[in-house]
Amino acid sequence: MGEDDGRPDMVNRDPNGLNQSLVTTFEDVFGEPDTAHSPDCAWKCGYKCYEGAKGCCYKLLAYLCIWFYACCWGCEFACITFSYIWLFTPTLHTLKLVCGTCQGLFN
């Protein structure tokens, strides 16, 4: 959480740098060698189309899907947490007790 009141940080949305590999600019995808240049207006138009389509498509997918995926991942991590607290940790503790007892019997 980025703010003191428990709300998410609306400016820095990836404070841990989890998705730095997804930062992709027009220049990362397209490049014309010196021997093959399209007209400047076409290059600028391609840049604007790429950036606009990437931004609009991401926003559309976010509006349509983000709530669903957030709920799914929230439930997933809740189930994992529940399993660790109520299943895995007690099971491991029981195994340590049993193994300790068995080790004492066979030594």
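**Pocket, kinked helix and aromatic pairs**

By class, ten nonpolar, two polar and three charged residues make up the lining of the largest pocket in this predicted model. The volume of this pocket comes to about 820 Å³. Of the 15 residues that line the pocket, those nearest its centre are Arg 13, Asn 19, Tyr 58, Ala 62 and Ile 66.

Helix H2 comes next, and its end-to-end span is a good place to start. Running over residues 40–106, H2 covers only 82 Å between its end C-alpha atoms, whereas a straight helix of 67 residues would span 99 Å at 1.5 Å a residue. H2 also has a kink of about 55°, and the centre of this kink is Cys 65.

Turning to the aromatic residues, a search of the whole structure gives nine aromatic pairs. One of them joins Phe 26 and Phe 30, with ring centres 5.0 Å apart; the planes meet at 40°, so this pair counts as tilted. The two partners can also be described by their accessibility. Phe 26 has a relative accessible area of 4% and is therefore buried, the cut-off being under 20%. Phe 30, in turn, is partly exposed, with a relative accessible area of 39%.

The rings of Trp 67 and Phe 68 also pair, here in an edge-to-face arrangement with 5.9 Å from centre to centre and 75° between the planes. Trp 67 counts as exposed because its relative accessibility is 54%, and exposed means over 50%. Phe 68 has a relative accessibility of 43% and so counts as partly exposed.

Finally, ring pairs also build a cluster, whose members are Phe 26, Phe 30, Trp 43, Tyr 47 and Tyr 50. The tilted pair of Phe 26 and Phe 30 thus has both of its residues in this cluster.

Notes: Residues numbered from 1 in each chain as written. Predicted model: local features only at pLDDT ≥ 70, side-chain atom pairs only at ≥ 80, totals over all residues. Heavy atoms only, no water. Helix = DSSP H or I, 4+ residues; strand = E, 2+ residues; numbered from the N terminus. Expected span 1.5 Å × (residues − 1). Bend = angle between axes of the 7 residues up to and from the residue. 1 Å grid on protein atoms, 1.4 Å probe; cavity = no way out; pocket = protein on both sides within 12 Å on 5 of 7 lines; lining within 4 Å. Points joined across faces, edges and corners; volume = space filled by probe spheres on them. Nonpolar A, V, L, I, M, F, W, Y, C, P; charged D, E, K, R; others polar. Phe/Tyr/Trp six-rings, centres within 6.5 Å; stacked < 30°, edge-to-face > 60°. Buried < 20%, exposed > 50% of the residue type's maximum accessible area, 1.4 Å probe, protein only.
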